[in-house]
Structures are given as C-alpha cells and as structure tokens.
Amino acid sequence: MINTKQIARFCSDHLNNFRHSLAYFDALPQLTLLGLLIGLLTGAVIVVFRFLIDTPLSFLISEHTDNFESLSIPDRFLFIFTGLLALGLLIKIAGKKHSETSVAHVLDRLHNYQGKLPFSNWLVQFAGAIIAMVSGQSVGREGPAVHLGAGVASQLGQWLRLPNNSMHTLIGCGVAAAISASFDTPMAGVIFAMEVIVMEYTIVGFVPVILASVMGTMMSQAAFGESGGLLVGSSDMNSLTELPYMVVVGLVISLCASTYIRLNIFALKFNTISIYLRLLVAGLLTAVVATAVPEVMGLGYDTVNAALAGQLLVGSLLIIGMAKLLITPVVIGLGIPGGVIGPLLVIGGCIGGAMGLALQAIMPELSTNPSFYVVIGMTGMMAATLNAPLAALVAVLELSYNPHMIFPAMLVIVVACVSTRQLFKLQSIFVQQLIHSGRKLDFGPAKQALRRAGVRSIMDTRFVMAPPNITVDESHLLLSKKPMWVLYEEDQQKVALRAADLAAAVTAHKEYIIQDVENTLSPEVLELHLHDIPGRRLNLQPIHDTANLIEALEALTQAGAEGLFVSKTYRPLSGNVHGVITMASIQNYYQPEEFKHAVG
C-alpha cells in the first residue's frame with residue numbers, strides 16, 4: 001500500500017536538497033534543468049500571447065494582421081478608442097499599484113527586489129498588451145514579452161521557494177525564451193537577456209539561458225512556423241567608399257535614438273495626472289496622426305518589409321519614420337502598456353532606408369542597395385536606444401542570414417552608441433526611465449558577486465542549541481559534537497557563544513569544584529550560566545534561507561548585527577536554525593583566492 005505521507009516527505013526532502021544546491025554559485029546542472037523548464041513554459045505563454053493578438057486581427061483586418069492601413073479613418077478611430085476604453089477598465093479593476101509594467105519594471109524588481117515580480121502586474125501586462133496590440137496602438141509586443149518571460153521565471157522560483165541568488169539566472173532564462181519566441185532569434189534572445197536584463201556574462205548563467213532560448217524558439221516555430229515576421233533579405237555593401245557614409249548614418253541614428261528617449265522621459269513627467277486622461281491624450285495623438293499616416297498603428301513590420309522590398313520612396317520613409325518616432329515614445333510614456341523594441345526597428349528601418357535612397361540618388365555610380373541601409377538603420381537604432389550593441393548585432397545576423405552585414409553594422413553601432421552616450425549623455429532608455437522615477441541600479445562588482453551565492457552556501461552548520469543554564473555534564477555532551485558555536489536565547493534574542501569559550505569555562509569550573517575539598521557547594525554551582533561565561537558573543541538577527549549574500553550583508557549593516565542565523569523559508573524567523581553567518585564569512589567569500597594566498 002502506498003504511503004502518501006512518506007512520498008510527500010521524500011519529495012519534500014529532495015526539493016529541499018535541490019534548493020540547497022542552488023545556493024552555490026556554480027549550480028550549473030540544476031540551473032540548466034530549470035532553464036529547460038522555463039523555456040518551455042515561457043514559449044507556451046508567448047505562443048498563447050501571440051495567438052490572442054493575431055486571431056482577432058485576422059478576422060478584423062484584411063490581408064494580414066498588421067494591415068491597419070486598409071482601415072477607413074472612422075474605423076481607425078474606432079479601433080484606437082475602443083482599445084483605450086478596455087485599457088481604462090483594466091486599469092480601474094487592477095488599481096494603480098498593479099498597473100506598472102514594462103522592461104524597466106522588470107529591471108527594478110530583478111536588481112532591487114531579488115527578482116520577485118508581482119503576479120498581478122504580470123496579468124495586467126498580459127491583458128493590457130493584447131488589448132493595445134489588437135486595437136492598433138503604436139507600440140510593440142517584444143517589451144511585454146520580456147515582462148511575461150521574466151514573470152514566468154519569477155513565479156516558478158517563488159512557487160518552488162528557490163534561493164534568491166538563482167533568480168537572476170532564472171529571469172534571464174525567461175527573457176531569452178520570450179525574445180526568441182517573439183522574434184524567432186534564439187541567439188539574440190540570449191544576448192539581450194544577458195546584456196540588457198541580467199547585465200553580466202558568466203558561464204553558469206549562459207548555459208541555462210541558451211537552453212531556455214532554444215526551447216522558446218522551438219515552441220514558437222512549432223506553433224507559427226519559421227517566419228519571424230521580418231523578411232530581411234540578403235544585401236551587401238557594394239563598395240568601401242560607403243564606409244564614411246556609415247558614420248553619417250550612425251550619427252543620424254543616434255540623434256533619433258536620443259530624441260526617442262527624451263520624448264519618452266518627457267511623457268513620463270505627466271504620470272501625476274490621472275491615467276484615464278493620459279490614455280485619452282495618447283489615443284487622440286495616435287488617432288490624429290493615423291488619419292494621415294496609418295502606418296503608425298500596430299507593430300509596423302509590414303512597413304519594414306515594404307521598405308526592404310523597395311516599395312517605399314524617400315518621402316514616405318521619412319514621414320512614417322518621423323511619425324513613429326514622435327508618437328510611440330510619448331504614448332508609451334503616457335501609459336499604453338506596450339513595448340519600445342518593435343517600434344525602434346520600424347523607425348530605424350525607415351530612417352536607414354531613406355538615407356540609402358538618398359545616397360543612391362546622390363551617387364548612382366555606387367549602385368547602393370537601399371535595403372542594406374534599412375537593416376543597418378534597424379540595427380543602429382536598437383543598439384543605441386537600448387544600449388545593447390551585441391544584441392542588436394546578433395539580431396541582424398540572425399534575421400538577415402548574411403555575415404557580410406556584420407562589418408558595416410558594427411561601424412554604425414559603434415558610432416550610434418558612442419554618440420548617444422557621449423554627445424547626448426543618455427544611457428539605455430530603461431535605465432533612464434528608472435533614473436527619472438528616482439530608482440537606481442547598482443552594478444558594482446561586489447554586489448554582482450554577492451548576488452550569485454545564497455546564504456546556505458556559506459552558513460556555518462557547526463553549532464549546537466543549548467538552554468541559558470547548563471550543567472557540566474550537558475556541556476560535555478554538547479562539546480563532544482565539536483561545534484563552532486553554542487546558541488542560546490537571552491531576552492527573546494538568539495545569542496551565539498564560541499564553543500571554545502564554553503570549553504574553557506567548563507575546565508575552569510571543574511578546577512573550582514576540585515578545590516572545594518569540603519564539598520559544600522550548592523547544586524546551583526554545578527550549573528553554568530552561559531551569559532556569565534567570559535568570551536566572544538554574537539547577537540544574532542534572523543534571515544530566511546532563500547536570501548542571497550547581498551541580502552545578508554544588508555541585514556547585518558542595517559540592523560547593526562554581529563551575525564545572522566538562517567531559518568526556514570516563509571516561517572517565523574525565530575524558527576528552526578540552519579546555520580550561522582558572520583560578516584567575516586561574507587568577506588571571505590568575496591575575497592579573491594589570489595589575495596588570500598598572497599596574504600597567507
């Protein structure tokens with residue numbers, strides 16, 4: 001007969017051992033297994049997300065799901081304002097607290113809240129982005145996909161009660177799977193996750209993220225086929241004479257990127273105004289511009305494909321690019337829950353295509369390929385605005401399947417990124433959003449290193465629990481276990497006494513008893529009062545066993561504590577003790593091995 005209690009205990013013990021192994025920074029097999037699971041889950045979520053966007057549009061719009069240009073002007077207004085009404089109702093139901101979405105929200109929760117993304121915000125992002133996409137708002141789907149992927153990983157980690165030091169890698173897995181499932185670009189998904197979200201490169205982090213990205217792409221291709229939505233064809237730079245012009249393209253792209261960022265930050269300054277009024281203004285802006293330039297509605301990938309096919313003239317490319325540049329960052333800043341990444345590709349493609357056609361008209365002898373400049377513009381715009389040069393470079397390589405694009409793309413990326421940071425003094429749009437809101441991200445090497453390990457990996461388990469008063473015989477029994485610390489409670493606080501000090505007190509107590517030849521000592525003298533024993537004591541503060549070392553360091557400094565005791569997760573922090581952590585143990589973890597050997 002099956003004993004359900006034994007099975008439950010068996011599973012609980014193995015899960016607890018799994019959690020403990022994740023506390024170490026080199027838990028590669030465990031993280032890889034989780035990366036596989038997160039990739040599958042995220043891929044499934046993104047497939048459902050895309051299906052819920054494409055299916056309604058396939059019935060409402062003719063030819064293809066991004067063909068908002070085919071709608072009449074009254075229909076465009078109807079789409080936009082119906083969507084705004086639905087968004088208003090969604091935000092009303094969710095409340096302001098649960099309505100914060102976007103990649104900046106993911107960055108803030110990852111780096112400042114140990115990767116704990118609220119499920120309610122995730123739901124608002126899921127529903128809100130679908131409404132925005134279906135109603136033709138001038139936003140992208142990749143930004144919401146990042147939030148959705150990160151949320152899947154965060155919820156899995158919280159549900160399994162995994163240590164916080166593993167959350168960075170898990171969220172990187174979710175983001176990579178989401179990007180690869182959206183763009184059908186597994187390599188770009190990996191680089192974007194590491195470069196923009198996690199913001200560090202480690203072997204332990206790379207392998208699980210790669211596997212998650214592959215799983216995300218597999219799920220997407222199984223559902224939608226191998227088309228990534230952008231038909232980037234093969235095109236090359238025909239002459240090295242075009243290289244100086246690449247510098248000009250990079251400078252123009254950096255100007256567009258800085259304008260995009262500054263307009264978004266400007267719109268964010270109105271976040272003290274009612275969200276419903278802001279949504280109304282965003283809808284009016286979009287609807288008015290869409291009467292003349294319907295291409296601003298929706299993802300805009302059909303526009304990019306038209307530019308690549310040479311179907312748009314210079315004037316059309318400039319008008320569409322500038323309209324998208326002026327509208328998208330503003331409506332996103334006003335509260336439309338959409339992404340910035342897709343529109344960046346549209347803007348960059350239009351501006352780059354226009355510059356390619358201009359060069360073709362000025363210097364026809366070069367036989368310039370305008371579609372080549374479309375791709376170059378997309379790459380530079382993405383790199384400069386997101387401060388993600390490597391992700392942009394890999395994305396263009398995967399989309400174009402053309403290694404000859406790498407050399408000129410690298411030049412444009414360098415010029416655009418350096419100009420945006422140095423000439424316009426701007427960081428990534430996501431970092432600028434956090435700075436505007438008064439939040440900051442600390443990427444110092446010490447914090448990065450301490451985030452990678454959990455408290456379980458360095459806690460000292462050589463301890464014994466004892467009552468405040470203890471007999472000599474009981475002391476011998478405790479010391480026979482060879483502990484480092486003896487823990488007892490005093491004034492409802494846990495105190496750690498060095499076992500060596502207890503041993504010295506026991507020895508001194510024995511000598512005192514032997515000297516009493518008349519044996520007139522009272523029974524109380526045979527007891528030791530731990531709080532009276534001379535020696536080093538640590539007043540311990542509690543910390544849960546899922547915490548990472550940066551949380552432990554903050555707990556020590558904020559409470560002015562001398563040590564911590566690690567207790568069970570989601571239990572009263574005065575509960576069972578797993579181990580003891582001191583400031584010295586944290587310092588020893590961070591101290592490089594070379595330095596330890598150098599100082600002996």
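Here are legends for an overview and three close-up views of a predicted model.

Residues are counted from 1 along each chain as its sequence is written. Local features need pLDDT of at least 70 and side-chain atom pairs count only at pLDDT 80 or more, while totals for chains, interfaces and linings use all residues; side-chain values use heavy atoms, with hydrogens and water left out.

**View 1. The whole protein at a glance.** You'll find 24 helices and eight strands here (DSSP runs numbered from the N terminus: helices are H or I with at least four residues, strands are E with at least two). The C-alpha trace spans about 115 × 55 × 55 Å along its principal axes. Of the 600 residues, 54% are buried (under 20% relative accessible area, with over 50% being exposed and in between partly exposed, using a 1.4 Å probe and protein chains only). Take the contacts (heavy atoms within 4.5 Å) between residues at least 6 apart in sequence: 76% of them join residues at least 24 apart.

**View 2. Helix 15, residues 370–386.** All set for a ruler check: at 1.5 Å a residue, the 17 residues should span 24 Å, and the end C-alpha atoms are 25 Å apart, which agrees (the expected span is 1.5 Å times one less than the number of residues). Since 17 of the 17 residues are buried, helix 15 is largely enclosed by the rest of the structure. Just after helix 15 comes asparagine 387, with a positive phi near 55°.

**View 3. Helix 2 (residues 28–60) meets helix 6 (residues 142–159).** The two axes come within 9 Å and cross at roughly 140° (axes are lines fitted to C-alpha atoms, for helices over the stretch in contact, with angles from 0 to 180 degrees between N-to-C directions). That makes helix 2 oblique to helix 6 (under 35 degrees is roughly parallel, over 145 roughly antiparallel, 65 to 115 roughly perpendicular, the rest oblique). Contact residues include Leu37, Ile38 and Phe49 of helix 2 and Pro144, Gly149 and Leu156 of helix 6. By class, the contact has twelve nonpolar, two polar and no charged residues (Ala, Val, Leu, Ile, Met, Phe, Trp, Tyr, Cys and Pro are nonpolar; Asp, Glu, Lys and Arg charged; the others, Gly among them, polar).

**View 4. Helix 10 (residues 243–268) beside helix 18 (residues 429–436).** Here the axes come within 10 Å and cross at roughly 30°, which makes helix 10 roughly parallel to helix 18. Look for Tyr260, Ile261, Asn264, Ile265 and Leu268 of helix 10 against Ile429, Gln432, Gln433 and His436 of helix 18. This contact has five nonpolar, four polar and no charged residues.
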